[in-house]
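Here are some notes for your review. Please keep the sequence and the model open as you go through the points.

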Amino acid sequence: MPKIVVLPGDGIGPEIVASALEVLKVVAPDLEYEEHKFGGASIDAYGEPFTAATQEAVKNADAVLLGSIGGAQDSHWNTLPRHLRPESGLLALRKALGVYANLRPIKVYEGMEHLSPLKPELARGVDVLIVRELLGGVYFDPERYIREDEGFNAMRYRTHEVERIARVAFKAAQGRRNKVTSVDKANVLEVSEFWRREVVKVQQSEYSDVALNHEYVDSVAMLLVTNPSRYDVIVTENLFGDILSDLGAVLPGSLGLMPSASLGDGAGLYEPIHGSAPDIAGQGIANPTATILSAALMLRYSLNRPEAADRIDAAILKALNENPTKDLGGTAGTQQFTETVLNILKAPVTA
């Protein structure tokens, strides 16, 4: 029986995770759950954001479902030493799980084109997967310092780091439209030249059936918002991926629609990309869509249950058009929207 460690977290996290669990119990009733406090909730209970017991639990899980962490800018958690803040717990969680590939699907749902800041004709049919390297590059390189007259960080990649993220991208493309765009800045950065060379090696030796092209990050930043349908799978390093995935997140029109999956060699980590929204926590109006879709990604990537994931995706699309949440211009609260999804999933299939 697959075991899922559930980390509801802070703010709206417990509310939206509860919705995702209700949906999972319909499409995958055999899953086993183990819940742990994490982030600010763990700080308040135990004095640290990511306890040893929680670390042990996630390492022995088949997958981890996370809600959201942190509080408002004036939260008491933000007055703590940096290593004791909720965000440090999240970085430690990613490192503990060894999740080196962040998958962020960017999809404009049919009937929801009017929510996008793009013209409807540009937004229609957008379906892009950004694959971001998550544990390397400038964010993690140990050569860093701040001095009186300078600050320094290094962007470095090694062969195995590029190979493994490239494989994730090419494999994902095989299940989509069979095209990968590798994003770099090879015209000015040696590390990008190296990145490009290693991606090509993987494609030629292992995925020759997948089309590969290369684009500079500044060009992609422009084209992602002016012609997003040109892209299928985008693969890139940590810094560029951080920026491009947040840029792409605006295309569907609401952060409440954006799930993510972080994958490695062990348990995957699944979470919505939005924050904890403490200003609306407890009001029952949070949009649970991104968390429910993150649960669908969990079924697809960690548990090898694509049919169950497809059921959730289809139910979400129908629910968004039938009974959208308040952030999408509708009237449904968290539970009302969840009930709509559940009713669609439980409805008898008609020929």
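1. Start with α6. This is a predicted model. The buried residues of α6 are E161, V162, I165, A166, V168, A169, F170, A172 and A173. In an α-helix, residues three or four places apart point the same way, because there are 3.6 residues a turn.

2. What covers those buried residues? Several elements do, among them the strands β4 (99–107), β5 (127–133), β8 (179–184), β9 (211–216) and β10 (233–236). Helix α7 (190–206) is also part of the cover.

3. The length of α6 checks out. The helix takes in residues 159–174, 16 residues. At 1.5 Å a residue, the expected span is 22 Å. The end C-alpha atoms lie 23 Å apart, so the two values agree.

4. Next, R132. This residue sits in strand β5, and β5 helps cover the buried residues of α6. Is R132 buried or exposed? R132 counts as buried because its relative accessible area is 8%, under the 20% cut-off. Beyond its sequence neighbours up to four places away, R132 touches I165, one of the buried residues of α6. Its other contacts are Y100, A101, N102, Y139, T236, E237, N238, G241 and D242.

5. Now a loop position. N323 lies between α11 (306–322) and α12 (334–346). Leaving out residues up to four places away in sequence, N323 touches T331, A332, Q336, F337 and T340. With T340 there is a polar contact, side chain to side chain, at 3.0 Å.

6. Last, a distance. N323 and Y46 are separated by 277 residues in sequence. C-alpha to C-alpha, N323 and Y46 are 40 Å apart in space.

How values were computed
Residues numbered from 1 in each chain as written. Predicted model: local features only at pLDDT ≥ 70, side-chain atom pairs only at ≥ 80, totals over all residues. Heavy atoms only, no water. Helix = DSSP H or I, 4+ residues; strand = E, 2+ residues; numbered from the N terminus. Contact = heavy atoms within 4.5 Å. Polar contact = N/O pair within 3.5 Å; in protein donor to acceptor, adjacent residues only side chain to side chain. Expected span 1.5 Å × (residues − 1). Buried < 20%, exposed > 50% of the residue type's maximum accessible area, 1.4 Å probe, protein only.
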